[in-house]
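Colleague: I should like to work through a structure with you, one kind of feature at a time. Shall we take charged side chains, then empty space, then strand pairing?

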Amino acid sequence: MASTKNTPFFIPTANAVDNKWWREATIYQIYPRSFCDSNGDGIGDIPGIITKIPYLKNLGVNVLWLCPIYVSPQHDMGYDIADYQAINPDYGTMEDWQRLRDEVHKVGMKLIMDLVVNHTSIEHKWFVESRASRENPKRDWYYWRPARLGNKGERLPPNNWRSFFGTGSAWEWDEGSQEFYLRIFTKEQPDLNWENPDVRTAVHDIVNFWLENGIDGFRVDAINYIAKTPNLPDAPITDPTTYHQPAMHLYLNIATVHTYLRDLNLATFARYSSTMTVGETPYVPATQMALDYVHPSRKEFDMIFQWEHMDIDRVPNTLLGWKPWALPELKQIFNRWQTLMYDHGGWNSLYMENHDQGRSVSRFGSDRTPEFRKLSAKMLAMFLSTLSGTLYIFQGQELGMANIKGWEVEEYNDVVTLTYIREEKEKRVRESGNPSPDISDLLNDIQKKGRDNGRTPMPWSGNAPHADFTTGTPWMTLNPDFRDCNAAAAVEDKTSVFYFWKELLRIRSEWKTLVYGGFRLLAPDDMRVFAYLRVRPGAKAAVVVLNFSSERVEWNVPEEASNLMDCRLVYGNYDSVEEFGACLILRAWECRLYEYEHLH
Ligand code: ISL
Ligand code: CA
C-alpha cells in the first residue's frame with residue numbers, strides 16, 4: 001500500500017508484563033451438566049469430562065474452568081450451593097474429581113473452579129440453622145429483617161429493593177421465624193452477610209480447602225454484590241407503579257467489597273504461588289472502578305469479567321429484552337477496556353459467551369445460513385483471539401454453535417427466562433385485562449438472549465440420536481442443528497470453525513503482541529468494519545480487519561493506517577484474498593489478520 005505520510009504509530013509504554021502463566025492462557029469453560037454423560041443417565045458428569053481431555057488438548061486450550069459441580073438442589077443450576085466441599089452425586093464423586101484434576105495436570109493443563117459466595121442455597125446447613133430461629137447463632141450469617149407495615153397494615157418487605165432477577169422483591173418471607181431474608185437472586189439463594197467476620201472466615205476456609213486440593217484458581221461468581229449499603233436503605237422511587245425499586249446501586253460495588261476481597265486474597269490465593277482469579281462483576285464500567293478490582297497493587301483479583309459488550313443488545317430495565325446494536329458502540333466498549341488496562345497496568349479477560357448468554361454467532365454474527373454461521377463464527381474467533389487479555393472459550397463456541405431455533409416459549413427451562421416470560425405476561429394481563437395475552441414476540445428476545453441457548457448439551461457427533469452427548473435421555477433437549485454443527489465433523493474438517501480456533505490459538509501462543517500489545521482502533525465510525533492495530537515496541541505489529549456484516553464491503557484503509565507497508569496476510573476465513581491495497585474488498589463476515597514490520 002502506498003504510504004503518503006510516515007507518522008509513527010502511537011506506542012503506549014505501560015503494560016503489566018510479567019511471567020504470570022494466566023496472561024497467555026486460553027481458558028475453556030465447561031458447563032458440566034451439558035458436556036458429556038458417561039453413564040447414560042442423561043446428565044453430563046466428571047468421568048465424561050475426563051474422556052474429552054484429548055479433544056481439549058487438541059484444540060489447544062490451557063485451562064479448564066468447571067461451572068459449579070458441588071452439592072446443590074439446582075434451583076439455579078448449581079449456582080445455589082448446599083455443600084461447598086462435596087461433589088453433586090449427579091456429576092460423580094470426590095475420587096472422580098481428583099482423577100480429573102490429575103489427568104488435567106498430567107497433560108500440562110490447569111483446572112479452575114467456580115466459587116459462588118454472594119449467596120448459598122437455602123439447603124446449605126448454614127441457612128438451615130440460620131432460619132431455624134431468630135436466636136440461632138447463625139442467624140446473623142444472612143440478612144434477616146422484620147416486616148415493614150404498609151399503610152393498610154399489610155406486611156411489606158423490610159426495604160423496597162427489587163431482585164436482580166426480575167421485578168419482584170429482593171426479600172423472601174419466612175413463615176417459620178416470621179422475618180424476611182434478603183435474596184438478590186432467586187428465593188432459593190439467600191445472600192450471605194459478609195459484614196459478619198465469621199462468614200468471611202468460613203469463605204476463606206472453603207477457598208483454602210480447594211487450593212489445598214490442588215486447583216489452580218477460581219472464577220468468582222457475582223462478587224461485586226457481596227457488600228450491601230450499610231443499614232440497607234430504601235432505593236429512590238424510579239418506578240412508581242410498584243413498591244419494588246431498582247436498587248443495584250445499593251448492592252453493587254459498595255466500598256467495603258474491596259476490603260473483603262483484599263482480605264480474601266491475603267488469606268487464601270496470596271499464600272499460593274501460581275493461582276489465578278477472575279471475578280464476575282456485572283455493571284463495572286471501564287474506569288478506576290475496574291482498576292480497583294484488578295490492579296496488582298490492590299491484591300484483589302487478577303482480572304474481572306466486564307459486562308458492557310454483553311449488555312449492548314439488552315433493553316434497559318428488562319431481564320432479557322433484545323434490542324439492535326450498532327458496531328461503533330461495540331468498538332468503543334472494547335477500545336475503552338483495551339486502553340484502560342494497557343495504560344494502567346491492569347489486565348483484561350476476553351469472552352463473548354458463557355452459560356448466561358446467547359451464542360455469540362447468533363448475536364454478533366449470523367446464523368441465517370450454515371455458511372454464514374461458519375464464516376461469522378471464525379470472524380468472531382479472530383476478533384477475540386487478537387485482543388489483549390486472557391482468552392476464554394465457552395464449550396461449543398469452538399464449533400460455532402448457534403442459538404436454539406424452533407422451540408416454543410414453553411420449552412425453555414432457565415429460571416431467568418421463565419421469570420422474564422411470567423412477569424411480561426403478568427404485565428400484559430394487568431395492562432390489557434386479557435387473561436391470555438399474546439406473548440409470541442417474547443420468543444424473539446429469548447432466541448437471542450435466553451440463557452438456555454448456551455446450555456444445550458454438547459453435540460459430539462452428527463449421527464447418534466443425541467449427538468453422543470448421552471446414550472440415555474438428555475436432561476435438556478439438544479440444539480436441533482447438531483447434525484450440521486458437531487465436534488466429530490469439525491475435527492474431521494480442516495475448514496471447520498474448530499480448526500480456525502485451533503490455528504488462532506497457535507498463532508496467539510507464538511505472537512505475544514496479540515496478548516500483550518497496545519490496541520489502536522481504526523475507523524471508529526464505520527458501521528460494518530471493525531479494524532485495529534496491535535503494537536508492541538520492537539515486535540511485528542498486527543492489523544486486524546473484520547467485516548461484521550453479511551455484505552460485500554469496499555473498505556478504504558483509513559489515512560492513519562496508510563503507512564502500513566509490506567503487510568503480510570497471516571490468516572483469514574476465505575481461501576484467497578485480494579491484495580491489501582488502499583481499498584480492501586471484504587466479503588460477507590470476512591476477517592483478516594496481517595502482520596507488518598514494526599515502525600519506530
Ligand atoms: O444471567 C444473567 C442475565 O441473563 C446475569 O444477570 C447473571 O445472573 C449475573 O451475571 C450473575 O451471574 C452469576 O450468578 C447468578 C447465576 O444465575 C449465573 O448463572 C451466574 O453466572 C447467581 O448465582
Ligand atoms: Ca451422567
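Colleague: How many salt bridges are counted here?

Modeller: The model is a predicted one, and the count comes to 40 salt bridges. A pair qualifies when a side-chain nitrogen of Lys or Arg lies within 4 Å of a carboxyl oxygen of Asp or Glu.

Colleague: Which residue meets aspartate 102 in a salt bridge?

Modeller: The partner is arginine 101, with 3.0 Å from N to O. It helps to consider the accessibility of each partner separately. Aspartate 102 counts as partly exposed because its relative accessibility is 38%. Arginine 101 counts as buried, since its value is 14%, and buried means under 20%.

Colleague: What is the N to O distance between arginine 422 and glutamate 426, and how are the two residues placed in helix α12?

Modeller: The closest N and O atoms of arginine 422 and glutamate 426 are 3.7 Å apart, and the two form a salt bridge. Both belong to helix α12 (residues 415-432); they are 4 residues apart, so about one helical turn separates them. Arginine 422 is partly exposed at 44% relative accessibility, and glutamate 426 is partly exposed at 39%.

Colleague: Are glutamate 590 and arginine 592 buried or exposed?

Modeller: Both glutamate 590 and arginine 592 are buried. They form a salt bridge in which the closest N and O atoms are 2.9 Å apart.

Colleague: Which residues are linked in a network of salt bridges?

Modeller: Asp76, Asp356, Asp414, Arg451 and Arg455 are linked in such a network.

Colleague: Let us turn to empty space. How is it found, and what is the volume of the second largest pocket?

Modeller: The general idea is that a probe the size of a water molecule, rolled over the atoms, shows where empty space is left. In this model the second largest pocket has a volume of about 490 Å³. It is lined by 24 residues, and those closest to its centre are Ser362, Arg363, Gly365, Lys448 and Trp589. Two or more lining residues come from each of α10 (360-363) and α13 (442-449), with the largest share, 3 residues, from α13.

Colleague: How does the lining of that second largest pocket divide by class?

Modeller: It has 10 nonpolar, 8 polar and 6 charged residues.

Colleague: How many cavities of 30 Å³ or more are there, and which residues are closest to the centre of the largest cavity?

Modeller: There are 7 cavities of 30 Å³ or more, and the largest cavity holds about 80 Å³ of space. Its lining comprises 13 residues, of which Ser360, Ala377, Leu380, Ala381 and Gln397 are the closest to its centre. The elements that contribute two or more residues to this lining are α10, α11 (370-385) and α15 (497-510); α11 gives the most, with 4 residues. By class, the lining of the largest cavity has 9 nonpolar, 3 polar and 1 charged.

Colleague: Finally, how do strands pair in a sheet, and in what order do β6, β9 and β10 lie?

Modeller: In general, strands of a sheet pair through backbone hydrogen bonds, either parallel or antiparallel. Here 3 strands form an open sheet in the order β6-β10-β9, and the pairing is antiparallel. The edge strands, β6 (144-145) and β9 (171-174), each pair on one side only.

Colleague: Over how many bridges do β6 and β10 pair, and which residue is the bridge partner of tryptophan 144?

Modeller: β6 and β10 (residues 179-182) pair over 2 bridges in the antiparallel sense. The bridge partner of tryptophan 144 in β10 is tyrosine 181.

Technical notes. Residues are numbered from 1 along each chain as its sequence is written. Chains are lettered from A and ligands numbered from 1 in the order in which they are written. This is a predicted model: local features need pLDDT of at least 70, side-chain atom pairs count only at pLDDT 80 or more; totals for chains, interfaces and linings use all residues. Side-chain values use heavy atoms; hydrogens and water are left out. Buried means under 20% relative accessible area, exposed over 50%, partly exposed in between (1.4 Å probe, protein chains only). On a 1 Å grid over the protein atoms alone, a cavity is a set of points where a 1.4 Å probe fits but cannot get out, and a pocket is an open set with protein on both sides within 12 Å along at least five of seven lines; lining residues have an atom within 4 Å of a point. Grid points are joined across faces, edges and corners, and a volume is the space filled by probe spheres set on the points. Ala, Val, Leu, Ile, Met, Phe, Trp, Tyr, Cys and Pro count as nonpolar, Asp, Glu, Lys and Arg as charged, and the others, Gly among them, as polar. Two strands pair if DSSP finds at least two bridges between them.
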